[in-house]
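These are my notebook entries on a single model, taken down as I looked up each item.

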Amino acid sequence: MMNALMLFSADATGSLLMFIPLIVIFVAMYFFMIRPQKKQEKEATRMRDELTVGDEITTIGGIIGKIVSIKDETLVLETTKDRTRIRILKSAVSRVDVKAEDAQD
């Protein structure tokens with residue numbers, strides 16, 4: 001009976017030890033891949049929510065322009081001195097080059 005208990009506990013310990021590397025790999029993936037990606041998405045959402053009229057932006061497609069108007073999920077860009085206007089989605093904004101308050105200074 002005692003040999004059976006020792007054999008069972010040895011098997012349970014061995015199988016538990018087999019899962020430890022998998023758990024370590026999952027934790028490492030979370031901290032090195034998933035967590036930074038979520039942080040980056042949160043920053044991009046915050047940047048898009050803080051857009052104001054007058055900001056100079058660059059879109060994901062490389063279009064550079066100044067924001068003329070903002071609605072719920074869209075905005076209108078003025079792209080050239082000829083005042084060409086393009087309506088785009090907020091999600092297409094890649095970065096803010098110059099904030100409106102910085103451009104006035």
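**Entry 1: strands 1 and 2.** I began with E56 and looked up its bridge partner in strand 2, which is K66. The model I am reading is a predicted one. I then took the pairing as a whole: strand 1 and strand 2 (residues 64-70) run antiparallel to each other and share 3 bridges. I noted that these two strands make a hairpin, with 4 residues between them. In that turn I checked the backbone of G62, whose phi is positive, at about 95°.

**Entry 2: strands 2 and 3.** I moved on to the next pairing, between strand 2 and strand 3, which is antiparallel as well and counts 4 bridges. As one position in it I recorded S69, which stands opposite V76 of strand 3. I also recorded the connection: strand 2 passes into strand 3 by a hairpin of 3 residues.

**Entry 3: L77.** Is L77 buried or exposed? I entered it as buried, because its relative accessibility is 0% and the cut-off for buried is under 20%. I placed L77 in strand 3, which spans residues 74-78. I then listed what surrounds this side of the strand. With neighbours within four places in sequence left aside, L77 is in contact with I57, T59, I63, G65, K66, I67, V68, T84, R85, I86 and I88. For one of these partners I also took a backbone distance: the C-alpha atoms of L77 and I88 are 7.5 Å apart, with a separation of 11 residues in sequence.

**Entry 4: D55.** I turned to D55 and located it in the loop between helix 1 (2-49) and strand 1 (56-59). I entered D55 as buried, because its relative accessibility is 0%. Which groups does the side chain of D55 reach? I found the backbone nitrogen of T52 at 3.0 Å. I found also a polar contact of 3.3 Å between the side chains of D55 and K99. Residues up to four places away in sequence not being counted, D55 touches E50, G65, K66, I67, V96, V98, K99 and A100. I noted that G65, K66 and I67 are listed among the contacts of D55, and that they are listed among those of L77 as well.

**Entry 5: salt bridges.** How many salt bridges does the structure hold? I recorded 5, and I examined several of them.

- I noted E50 with R46, where the closest N and O atoms are 3.5 Å apart. E50 is partly exposed, because its relative accessible area is 41%. R46 is also partly exposed, because its relative accessibility is 47%.
- I noted R83 with E78, at 3.6 Å from N to O.
- I noted E78 with R85, at 3.3 Å from N to O.

I recorded that E78, R83 and R85 are linked in a network of salt bridges. I then compared the accessibility of two of its members. E78 is buried, because its relative accessible area is 16% and anything under 20% counts as buried. R83 is exposed, because its relative accessible area is 56% and the cut-off for exposed is over 50%.

**Entry 6: the backbone at R83.** I stayed with R83 and looked up its place in the chain, which is the loop between strand 3 and strand 4 (85-89). Its phi is near 65°, a positive value in a residue other than glycine. I flagged the value because most residues other than glycine have a negative phi.

**Entry 7: aromatic rings.** I searched for aromatic pairs and found that the structure holds 1. The pair is Y30 with F31, with ring centres 5.3 Å apart. Its planes are 80° apart, and I entered the geometry as edge-to-face. For the accessibility of the two residues I have 35% for Y30, which means that Y30 counts as partly exposed. I have 44% for F31, which means that F31 is likewise partly exposed.

Terms used: Residues are numbered from 1 along each chain as its sequence is written. This is a predicted model: local features need pLDDT of at least 70, side-chain atom pairs count only at pLDDT 80 or more; totals for chains, interfaces and linings use all residues. Side-chain values use heavy atoms; hydrogens and water are left out. Buried means under 20% relative accessible area, exposed over 50%, partly exposed in between (1.4 Å probe, protein chains only). Contact means heavy atoms within 4.5 Å. Rings of Phe, Tyr and Trp (its six-membered ring) pair if their centres lie within 6.5 Å; planes under 30 degrees apart count as stacked, over 60 as edge-to-face and the rest as tilted. A salt bridge is a side-chain nitrogen of Lys or Arg within 4 Å of a carboxyl oxygen of Asp or Glu. A polar contact is a pair of N or O atoms within 3.5 Å; within protein, one must be able to donate a hydrogen and the other to accept it, and residues adjacent in sequence count only if both atoms are side-chain atoms. Two strands pair if DSSP finds at least two bridges between them.
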